[in-house]
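Me: I would like a close look at one helix in this structure, followed outward into its chain and then to the place where the two chains meet. Please take it step by step and keep to what the model itself shows.

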Amino acid sequence: MQRNSQLASRLSIFVGVFLILFAGFAMVAWRTLDQVRVKGALYDEIILGNDLIADILPPPQYIIESYLLTLQLVEEKDPAEITRLIERGNELRIEYENRQEHWKRVLAKDTMGDLMTVTSSRAAMEFYRLRDGDFVNAIRAGDRELARKVLEQMRQRYEAHRYAILEVVQLARQRNAKFETQADELIVGQTRTLALLALGIVLVVVVMAWFARRAAATLSDRVQLVSDIADRVAQGDLTTTVPTTDDRDETGRLLTAISGMNQSLRGLVTRVKQASVELMSTATEFAATSRQQESTVQGFGASTNEIAAAVKQIAATSQELLATMEGLNAVSGQTADLAEQGQSGLSNLDSTMDRLAQAANAMAARLAAIREEAAEITGVVTTISKVADQTNLLSINAAIEAEKAGEQGLGFLVLAREIRRLADQTAVATLDIEQMVKQMQTAVSAGVMEIDRFAEEVRSGVGTVDRVGGQFGQIISQVKTLSERFDTVNHGMRSQSQGARQIGEAMGQLLDGARQTSLSLREFNAATESLRDAVTVLKQEIAKFNLGS
Amino acid sequence: MLALAFRAGDALLALAARDIVEVLPRVPLRTPSLAPAAVIGLLPFRGTLTPVVDLCLLVAGRPSARQLGTRIIVVRIGSGDKERLVGLQAEQVSELIDCERTARGLHLPEHAWLGEHVADQPGLPQLVDPSELLPDALIALFTDRADA
């Protein structure tokens with residue numbers, strides 16, 4: 001945890017601890033000074049002065065001077081002196097009362113306070129009452145005896161007062177002694193606390209110094225390491241592996257950052273290396289492609305020349321074609337004349353064909369009649385065949401029965417055989433008839449077919465004649481329109497010839513363009529060469545970086 | 001001996017007249033359902049239904065031609081209680097022949113119905129024994145019908 005906290009925060013903690021300790025030290029020192037400052041040298045001087053004044057001046061709270069004045073008054077004879085002494089006594093009384101007021105305010109209500117403000121004060125006030133009243137009056141009246149008696153009373157009061165005051169002095173001395181002892185003890189205790197605090201501060205400062213030294217050493221080591229790595233990277237050695245650390249402080253992060261930088265630099269250089277290889281091959285391809293393109297452009301120039309020649313030839317050919325067309329125009333005029341003659345000849349042929357068609361139809365009708373009669377013959381022959389078959393069957397059955405009858409059936413058997421022979425002959429005859437009828441039918445069918453075909457031909461001949469007539473008409477009209485079209489074609493030929501000439505010119509321009517393209521390609525080649533040189537230099541630069549295996 | 005000559009497929013055959021009951025013209029027959037292929041129908045004959053077997057189908061494996069010469073020969077097979085009438089349809093049933101001399105031809109044990117050849121006639125027609133002609137399975141069918 002301590003190692004993971006950052007340098008600055010660690011220093012902050014130390015400074016904080018130092019400040020807290022120092023504040024404690026300052027507070028203890030101040031408090032001590034506050035409590036015992038009365039024991040300082042300056043205070044002693046002030047106390048000395050006060051003691052001196054108190055020793056010299058008559059104490060206002062001790063009424064000894066007033067008592068002495070009364071003793072002096074009893075013996076005094078001079079009236080001026082008496083008046084002055086009475087005045088002085090009055091002044092002392094006022095002073096006593098004032099001071100008494102002061103002490104009543106200041107002193108606590110304890111034994112000493114009571115003695116001072118109550119016991120001694122009461123005796124003093126009795127004393128002053130007696131003096132101001134009876135004693136002063138007796139003195140002024142000059143009655144010395146009475147004055148002495150009153151003085152005796154006053155002396156008793158004074159004695160009481162003196163005892164009380166002495167008591168107060170005793171108590172005050174004891175109190176002072178006690179306070180001095182307390183002050184001494186306090187000073188000893190606070191001095192010890194201060195010594196401890198000072199020791200703590202020294203310890204903190206020592207720890208701080210040790211830590212700062214250690215941190216500086218670590219920092220210096222790591223900075224040295226980072227500096228070495230940076231030097232090696234600067235010389236192009238990227239194989240260095242940066243030691244990683246778990247520290248999360250500034251130097252740890254610096255190491256991590258250097259490691260990341262090293263890795264990304266290595267990746268970058270690797271990629272640049274690959275890219276330069278690719279760039280090299282691309283440049284080579286460029287050169288090859290542009291060379292190829294150059295040859296293509298040269299080929300294109302040659303092709304363009306050929307095209308120009310071909311176009312010229314086309315122009316010449318179209319001129320020739322123009323002449324041929326004019327010849328053709330004359331021939332088509334002759335064709336129209338011939339077609340008109342053919343059309344008139346065809347109308348005679350038309351009527352002849354009609355007559356032929358009618359004859360063919362009549363023949364077809366007669367043949368159909370023959371076919372019907374042949375069918376009737378076939379029907380009769382079939383009937384005869386069936387009868388012959390029945391007869392054959394009957395004769396067979398009769399013969400079988402006769403055979404079964406044995407000797408008695410012999411005559412019948414002969415008869416049956418005769419019938420069967422007749423039936424067989426009939427069957428053979430019918431077969432012959434059938435055969436003949438079939439042949440006839442075949443012939444008729446063939447004839448019908450021939451007639452049909454002939455009629456069809458005649459019909460189609462009529463159609464053909466009509467069609468030929470129509471076609472002659474079309475030929476005539478087409479030949480007529482042909483002349484107009486020839487004109488159009490002539491016109492087209494002329495514009496074609498012109499167009500060919502224009503194409504020739506355009507080809508010339510194209511040739512110029514190709515020549516310029518060739519020049520540009522040569523420039524491009526030069527640019528590719530310089531690109532290749534640049535890539536070579538880049539490759540050499542990259543080769544300085546050692547990427548390891 | 002008088003015999004009736006006929007054809008079944010390519011074979012020229014003959015039946016003795018004594019075995020024949022009657023020769024009938026080809027008539028349309030009621031085709032029995034689920035019968036063996038050679039039985040082509042039932043023929044009403046003298047008050048009974050007589051089964052008709054096509055010899056062409058039996059011998060050559062094709063039905064008889066539909067011609068006038070194709071006829072039905074009704075023969076009697078078996079004897080006693082098992083006597084049955086059977087119609088045999090064949091082609092060119094139109095010739096009666098006399099057979100005075102017969103000669104033995106090839107002996108085929110699985111075709112016992114083919115008997116001797118008629119030696120004095122052109123084409124040497126082979127005599128047929130109707131009782132051996134039909135396969136046992138077919139005869140069994142007819143016999144069972146008779147019992148039922």
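Reply: In helix α5(A), the buried residues are Leu115(A), Met116(A), Ser120(A), Ser121(A), Ala123(A), Ala124(A), Phe127(A), Tyr128(A), Arg131(A), Phe135(A), Ala138(A) and Ile139(A). This is a predicted model, and what follows should be read with that in mind. The cover over the buried residues of α5(A) includes α3 (64-75), α4 (79-106) and α6 (144-234) of chain A. As a general point, an α-helix has 3.6 residues a turn, so residues three or four places apart point the same way.

The length of the helix can be checked by simple reasoning: α5 of chain A covers residues 111-141, and its 31 residues, at 1.5 Å a residue, should span 45 Å, which agrees with the 43 Å that separates its end C-alpha atoms. Along its course α5(A) bends by about 40° at Ser121(A), a residue that is also listed among the buried ones. Just after the helix, Gly142(A) takes a positive phi of about 80°.

Ala138(A), one of the buried residues of α5(A), also belongs to a nonpolar core. The largest nonpolar core has 42 residues, of which Leu4(B), Ala14(B), Val53(B) and Ile73(B) touch the most other members; a second, separate core of 21 residues includes Ala138(A), together with Tyr67(A), Tyr158(A) and Ile165(A).

Turning to the chain around the helix, chain A has eight helices and zero strands. Buried residues make up 12% of its 549 residues. Among contacts in chain A between residues at least 6 apart in sequence, 82% join residues at least 24 apart. Val28(A), which lies in helix α1 (residues 7-36) of chain A, offers an example of a long separation: Val28(A) and Thr191(A) are 163 residues apart in sequence, yet their C-alpha atoms are 9.2 Å apart in space. Beyond its neighbours within four places in sequence, Val28(A) is in contact with Gln190(A), Thr193(A), Leu194(A) and Leu197(A). Val28(A) counts as partly exposed because it has 17 C-beta neighbours inside 10 Å, whereas 20 or more would be needed for a residue to be buried.

The contact between the two chains takes ten residues from chain A and eleven from chain B. On the side of chain B that touches chain A, the elements giving two or more residues are β1 (2-8), β3 (20-25) and β7 (84-98) of chain B, and β3(B) gives the most, with four residues. By character, the residues on this side of chain B divide into eight nonpolar, one polar and two charged.

Ala17(B), found in the loop between β2 (11-16) and β3 of chain B, has contacts in both chains: leaving aside its neighbours within four places in sequence, it is in contact with Ile400(A), Glu403(A) and Lys404(A), and also with Leu2(B), Ala3(B) and Leu4(B). Ala17(B) counts as buried because it has 20 C-beta neighbours inside 10 Å. Its C-alpha atom is separated by 10.0 Å from that of Ala5(B), twelve residues away along the chain.

Elsewhere in chain B, strands β4 (residues 39-45) and β5 (residues 48-54) pair in the antiparallel sense over six bridges, and the bridge partner of Leu43(B) in β5(B) is Thr50(B). The hairpin of β4(B) and β5(B) has two residues between the strands, and there Arg46(B) takes a positive phi near 50°.

Definitions and conventions: Residues numbered from 1 in each chain as written. Chains lettered and ligands numbered in written order. Predicted model: local features only at pLDDT ≥ 70, side-chain atom pairs only at ≥ 80, totals over all residues. Contact = placed C-beta atoms within 7 Å. Nonpolar A, V, L, I, M, F, W, Y, C, P; charged D, E, K, R; others polar. Pairing = 2+ DSSP bridges. Expected span 1.5 Å × (residues − 1). Bend = angle between axes of the 7 residues up to and from the residue. Core = buried A, V, L, I, M, F, W, Y, C linked by C-beta atoms within 7 Å.
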